[in-house]
Amino acid sequence: MAKYKIVINAEKCKGCELCIHFCPKGVLGIDDSKTNSKGYHPASPLNEDCVGCLSCATMCPDCAVTVWAEE
Ligand code: SF4
Ligand code: SF4
């Protein structure tokens, strides 16, 4: 079964949390330990429960999320 890897471009992210709210598996959260050059705390994957639904990538207004399938 494929596993999925989420990559978030922290510099593009503005911390709007849309991807967090639309993820059905609770994979994403804001990482308060990071701040990008615009002063936002970016979203980050918190666990390995991604099912590859692409909701996060589809919802992100800044195209900051990429979902990779791993064999
Ligand atoms: S692809 Fe789906 S399950 Fe995976 S992090 Fe994005 S919204 Fe969540
Ligand atoms: S939807 Fe995009 S801009 Fe908003 S928190 Fe998620 S990755 Fe960042």
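This briefing covers the fold of the protein and the surroundings of its two ligands. The model is predicted. The protein has 71 residues, of which 20% count as buried. Its secondary structure comprises 2 helices and 4 strands.

**Fold and dimensions**

- Read from the N terminus, the elements follow the order β-α-β-β-α-β.
- The radius of gyration is 11 Å. A compact globule of 71 residues would have a value near 11 Å, so the protein agrees with that expectation.
- Along the principal axes, the C-alpha atoms fill a box of roughly 40 × 20 × 20 Å.
- Among contacts with a separation of 6 or more, 64% join residues 24 or more positions apart.

**Around ligand 1**

- The shell of ligand 1 holds 15 residues.
- Cys23, Cys50, Cys53, Ser55 and Cys56 are the closest of them.
- Two elements, β1 (3-8) and α2 (55-59), each supply at least two residues of this shell.
- By class, the shell has 12 nonpolar, 2 polar and 1 charged residues. Cysteine counts as nonpolar in this grouping.

**Around ligand 2**

- Ligand 2 is also surrounded by 15 residues.
- The closest here are Cys13, Cys16, Leu18, Cys19 and Cys60.
- The class count is 11 nonpolar, 1 polar and 3 charged residues.

Note on methods. Residues are numbered from 1 along each chain as its sequence is written. Chains are lettered from A and ligands numbered from 1 in the order in which they are written. This is a predicted model: local features need pLDDT of at least 70, side-chain atom pairs count only at pLDDT 80 or more; totals for chains, interfaces and linings use all residues. A residue is near a molecule or strand if its C-beta atom, placed from the backbone, lies within 6 Å of it. The radius of gyration is taken over C-alpha atoms; the globule rule is 2.2 Å times the number of residues to the power 0.38. A residue is buried if 20 or more other C-beta atoms lie within 10 Å of its own, exposed if 12 or fewer, and partly exposed in between; C-beta atoms are placed from the backbone. Two residues are in contact if their C-beta atoms, placed from the backbone, lie within 7 Å.
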